[in-house]
Amino acid sequence: MFDLIAVGELLIDFTPESAPGAPKPLYSQNPGGAPRNVLAAAAALGARTALVSRVGDDAFGQFLISAAAAQGIDTAHISRDRDIHTTLAFVHLDETGDRSFSFYRNPGADLALAPEHIPAQLFPQARIFHFGSVSMTGAPARAATFHALDLARRAGCLVSYDPNWRPSLWAGQAEALEVMRRPLPQVDVLKVSQEELPLLSGTDDLAEGSRRLCEQGPALVLVSLGAQGAFWRLGTMTGRRKGYRVATVDTTGAGDAFLGAALWQLRGLNRAQLEGLSPSALEEIVDFANAAGALATTRKGSFSVMPLPAEIDSLRAQGPAKEDA
């Protein structure tokens with residue numbers, strides 16, 4: 001039985017090694033892709049995970065498969081495309097460590113994931129199914145993602161969704177919003193960033209925005225707030241947990257580490273059990289996830305840096321940066 005499976009992009013992150021603004025920046029090759037980052041975070045905590053994706057039949061693709069396997073992610077359902085190269089993304093960091101991306105993906109093998117590449121037999125073996133919106137930015141990966149979502153619902157998986165907003169990957173914002181909102185009625189756990197909340201809900205107010213999103217289907221909405229921690233809503237209950245003070249180097253994968261840690265704690269729950277969680281249980285889950293997300297920012301890259309349980313426990317023992325609101 002898998003604790004967590006995911007469908008989505010698997011790509012190369014070229015992460016800067018030189019200081020921001022350097023005249024000749026240097027980059028290192030790292031595995032990337034948000035759904036895979038979420039699996040890596042959960043696997044570091046002890047989860048059994050599997051990824052469904054597509055890479056090129058090239059050296060980059062082999063590197064990605066080997067790296068995922070080394071982190072304990074089941075790679076049996078990562079297929080290779082002989083005609084399209086592995087997708088590449090260059091990560092750009094500003095002076096505060098915040099990142100932006102340049103994608104080399106037209107075409108890219110991750111977009112070539114088709115419905116026939118989705119293994120139907122995998123979903124009854126999974127407790128949680130996770131996906132994001134990057135795999136919905138073009139065909140045939142969009143159809144494959146929605147097909148996987150349908151299989152997950154039929155199999156009774158708890159469904160997690162992270163609508164990562166990458167403007168350069170969409171033809172326009174109107175199409176992006178329509179497609180990104182489409183899965184919400186079938187989602188149990190929704191994670192959005194502080195920037196994505198107003199995009200999807202129409203307001204940057206945490207309470208009102210999360211309420212609007214919950215009305216569309218999700219039971220639990222998690223809003224990651226970077227160094228400020230996270231806000232949560234479960235039905236009519238809301239809460240906020242402050243973040244942890246760390247020496248940030250690179251924020252790539254921090255939100256994925258946060259979500260992977262949260263899903264690790266939700267494994268084994270069905271929708272009714274999720275809806276029945278107490279405020280104190282949610283506070284514990286979010287605080288644990290905040291610590292995982294903070295630790296992920298202290299190292300470069302987004303795959304091999306996912307925190308271990310002992311590291312999370314040690315940081316939590318120090319207490320958050322400020323008292324909870």
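## Aromatic cluster and a buried strand

Ring pairs join Phe14, Tyr27, Phe60, Phe90 and Tyr104 into a cluster. Please keep in mind that this is a predicted model. Seven aromatic pairs turn up in the structure, and two of them are described here, followed by two arginines that lie over rings and then strand 11.

**Phe14 and Phe60**

- The ring centres of Phe14 and Phe60 are 6.0 Å apart and the planes stand at 85 degrees, so this pair is edge-to-face; the angle is over the 60 degrees needed for that label.
- Phe14 belongs to strand 2 (residues 11-16) and Phe60 to helix 2 (residues 59-70), so their contact ties together parts that are 46 residues apart in sequence.
- Phe14 is buried, at 13% relative accessible area, whereas Phe60 is partly exposed, with 27% relative accessibility.

**Phe90 and Tyr104**

- Phe90 and Tyr104 also make an edge-to-face pair, with 5.5 Å from centre to centre and 70 degrees between the planes.
- Here the link is between two strands: Phe90 sits in strand 6 (residues 88-93) and Tyr104 in strand 7 (residues 99-104), so parts 14 residues apart in sequence are tied together.
- Phe90 has 21% relative accessibility and counts as partly exposed, because buried means under 20%.

**Arginines over rings**

- Arg48 places its charged end over the ring of Phe2, at 4.1 Å from the ring centre.
- Arg267 lies over the face of Trp264, and its distance from the ring centre is 3.3 Å.

**Strand 11 and its neighbours**

- Strand 11 (residues 220-224) has five of its five residues buried, so the rest of the structure largely encloses this strand.
- Leu220, Leu222 and Ser224 point one way from strand 11, while Val221 and Val223 point the other way; all are buried.
- Strand 10 (residues 189-193) runs parallel to strand 11, and five bridges join the two.
- Strand 12 (residues 230-234) pairs with strand 11 in the antiparallel sense, also over five bridges.
- Val223 is a handy residue to find in the viewer: this strand 11 residue is the bridge partner of Val192, and Val223 also stands opposite Phe231 in strand 12.
- Strands 11 and 12 form a hairpin with five residues between the strands, and in this hairpin Gly226 takes a positive phi near 60 degrees.

Terms used
Residues are numbered from 1 along each chain as its sequence is written. This is a predicted model: local features need pLDDT of at least 70, side-chain atom pairs count only at pLDDT 80 or more; totals for chains, interfaces and linings use all residues. Side-chain values use heavy atoms; hydrogens and water are left out. Rings of Phe, Tyr and Trp (its six-membered ring) pair if their centres lie within 6.5 Å; planes under 30 degrees apart count as stacked, over 60 as edge-to-face and the rest as tilted. Helices (H or I, at least four residues) and strands (E, at least two) are DSSP runs, numbered from the N terminus. Buried means under 20% relative accessible area, exposed over 50%, partly exposed in between (1.4 Å probe, protein chains only). A charge sits over a ring if NZ of Lys or CZ of Arg is within 6 Å of the ring centre and within 35 degrees of the ring normal. Two strands pair if DSSP finds at least two bridges between them.
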